[in-house]
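The following exercises are to be worked with the sequence and the model at hand. Each task is followed by a solution in steps.

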Amino acid sequence: MEKLAINGGNPIRDTYLAYGKQSVNEDDIKAVVEVLKGDYLTTGPYIKEFEDAVAKYVGAKYAVAVSSGTAALHMACAAAGIESGDEVIVSSMTFAASANAVLYCGGTPVFADIDPLTYNIDPAKMEEKITSRTKAIIPVDFTGQSVDMDEIKRIADKHHLIIIEDAAHALGSEYKGRKVGSQADMVEFSFHPVKPITTAEGGVITTNNKALYEKMMTFRTHGITKARERLTENHGPWYHEQQSLGYNYRLTDIQSALGTSQMSKIDSFISKRREIVKLYNEAFKSVSEIITPYEADFSNSGWHIYVIKVNPELLTVTRKEIFQALQAENIGVNVHYLPVYWHPYYKELGYEKGICPNAETLYENMITLPLFPSMTKEDTEDVIGAVKKVINYYRK
Ligand SMILES: *Cc1c(COP(=O)(O)O)cnc(C)c1O
């Protein structure tokens, strides 16, 4: 058996392979420099251009770009009217931001367990959590796999709930042959560097609802509008007024130009991700100690991340040792995510362990492998080689 790097053997590769990374080329750089040389660094024409590109791509009527995916979720919760006393059902297997957005508005996140196969919110478990205080739900397209939106919509309609889809992983993913981004009331995407496209930091909400769109446009810029309908002869053309409490959540023109340039390449990014996932799935088929991702028929994932699950019953060690051994081989592994309510902050709010057992079991056994469009064939082979080497060693 090959000596593991963690035990002093030679690592599979000499340089560390990150788990995710942006793809920025000369086109992107040129687009950004052009803005820097122009008149508007922010609140200029590039924002609308980027919003239009995203809306068109996902098939939504409107898009509102903001400074991060988290800001987008906050904006969506505010537009949904979430306030103190309201409950919002959130997937338990997600980044903390999905639930934090509810807290920003004074609402109460209620965590629903995941389906053990897809790792997405289980619609039946979600329905069980609905009370007279429930106002909205935040399903997450975890890893890029779309949630079963028709089923979620059926339940939401029955109980008059607003759906805010956290599609931070799912730009380019499809549900029943249609792009994710136009089926929920509001859909959030993130443009953090590891996400499907990047603006460094940035996010967007897409929607088909004009009233929500208008609320969000005001929210991202202090709640201030030109308020032309309220103009009286006492006011001049300079006049604008704050009608609600908003924030400065604007995305800059510099970032928007980067985003528009990135959008022109999204399909090639996604197809690169899908190619790598195919190689992973093929290579790990014969390794019974690991469970590769399951994809539901209705989903065509864009693969933001590739999450494997180790089967502890077939191994002499736990996920932790496997993780550390892979790191020593210079493979940038990661874990997505700690069930949100396990964070100390949430624990202090009163959430207890055990409320979402499927999410907790997944957390104990999951490992995210590197996946990004500019990974080479050699990089992919290194990951496969390292996983096989480590599993071989710790096989029972
Ligand atoms: C990345 C991400 C967000 C938003 O993150 P930002 O870094 O604020 O853009 C929200 N939800 C999920 C599930 C994410 O992965």
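Helices (H or I, at least four residues) and strands (E, at least two) are DSSP runs, numbered from the N terminus. The model is predicted: local features need pLDDT of at least 70, side-chain atom pairs count only at pLDDT 80 or more, and totals for chains, interfaces and linings use all residues. Residues are numbered from 1 along each chain as its sequence is written, and side-chain values use heavy atoms, with hydrogens and water left out.

**Exercise 1. Describe the overall fold of the chain in numbers.**

Step 1. Begin with the secondary structure: the chain has 13 helices and 15 strands.

Step 2. Turn to the radius of gyration, taken over C-alpha atoms and compared with a globule rule of 2.2 Å times the number of residues to the power 0.38. The value for the chain is 22 Å, close to the 21 Å that the rule gives for 396 residues, so the chain is as compact as a globular protein of that length. Along the principal axes, the C-alpha atoms fill a box of roughly 85 × 55 × 40 Å.

Step 3. Assess burial, where buried means under 20% relative accessible area, exposed over 50%, and partly exposed in between (1.4 Å probe, protein chains only). Of the 396 residues in the chain, 55% are buried.

Step 4. Consider contacts, defined as heavy atoms within 4.5 Å. Among contacts with a separation of 6 or more, 72% join residues 24 or more positions apart.

**Exercise 2. Locate the largest nonpolar core and identify its contributors.**

Step 1. Apply the criterion: a nonpolar core is a set of buried Ala, Val, Leu, Ile, Met, Phe, Trp, Tyr and Cys residues joined through side-chain atoms within 4.5 Å. The largest such core has 49 residues, and Met93, Phe111 and Met186 have the most contacts inside it.

Step 2. Assign the elements. At least two core residues come from each of strands S1 (62-66), S2 (87-91) and S4 (134-138), and likewise from each of helices H3 (69-79), H4 (97-104), H7 (210-219) and H12 (357-365). H3 gives the most, with seven residues.

Step 3. Set this beside the general expectation: in soluble globular proteins, nonpolar side chains tend to be buried together.

**Exercise 3. Determine how helix H8 is covered.**

Step 1. Count the buried positions: in H8 (residues 253-263), nine of the 11 residues are buried. Among them are Asp253, Gln255, Leu258 and Met263.

Step 2. Find the packing partners. The buried residues of H8 pack against helices H1 (26-37), H2 (46-58) and H9 (266-284).

**Exercise 4. Compare the surroundings of residues in H7 and in the loop after it.**

Step 1. Start in the helix. Methionine 217 lies in H7 and is partly exposed at 25% relative accessibility. Its C-alpha is 9.4 Å from that of alanine 63, although the two are 154 residues apart in sequence.

Step 2. Move to the loop between H7 and strand S10 (224-225), where arginine 220 is placed. Arginine 220 is buried, with a relative accessible area of 10%. Leaving aside neighbours within four places in sequence, its contacts include Glu51, Val64, Tyr247 and Arg250.

Step 3. Continue to histidine 222, which is in the loop between H7 and S10. Histidine 222 is partly exposed at 31% relative accessible area, and its phi is near 70 degrees, a positive value in a residue other than glycine.

**Exercise 5. Examine further loop residues and their backbone geometry.**

Step 1. Lysine 176 is in the loop between strands S6 (174-175) and S7 (178-179). Its phi is positive, about 45 degrees, although lysine 176 is not a glycine.

Step 2. Glycine 181 lies in the loop between S7 and strand S8 (186-190), and is buried with a relative accessible area of 1%. Beyond neighbours within four places in sequence, glycine 181 is in contact with Val58, Ala60, Val187, Phe189 and Thr206.

Step 3. Which peptide bond leading to tyrosine 337 is cis? The bond from histidine 336 to tyrosine 337 is cis, with omega near 0 degrees. Tyrosine 337 lies in the loop between helices H10 (319-328) and H11 (344-349).

Step 4. Histidine 336 is buried, with a relative accessible area of 7%. Outside the four places on either side in sequence, histidine 336 contacts Tyr19, Met93, Phe142, Ile305, Met366 and Thr368.
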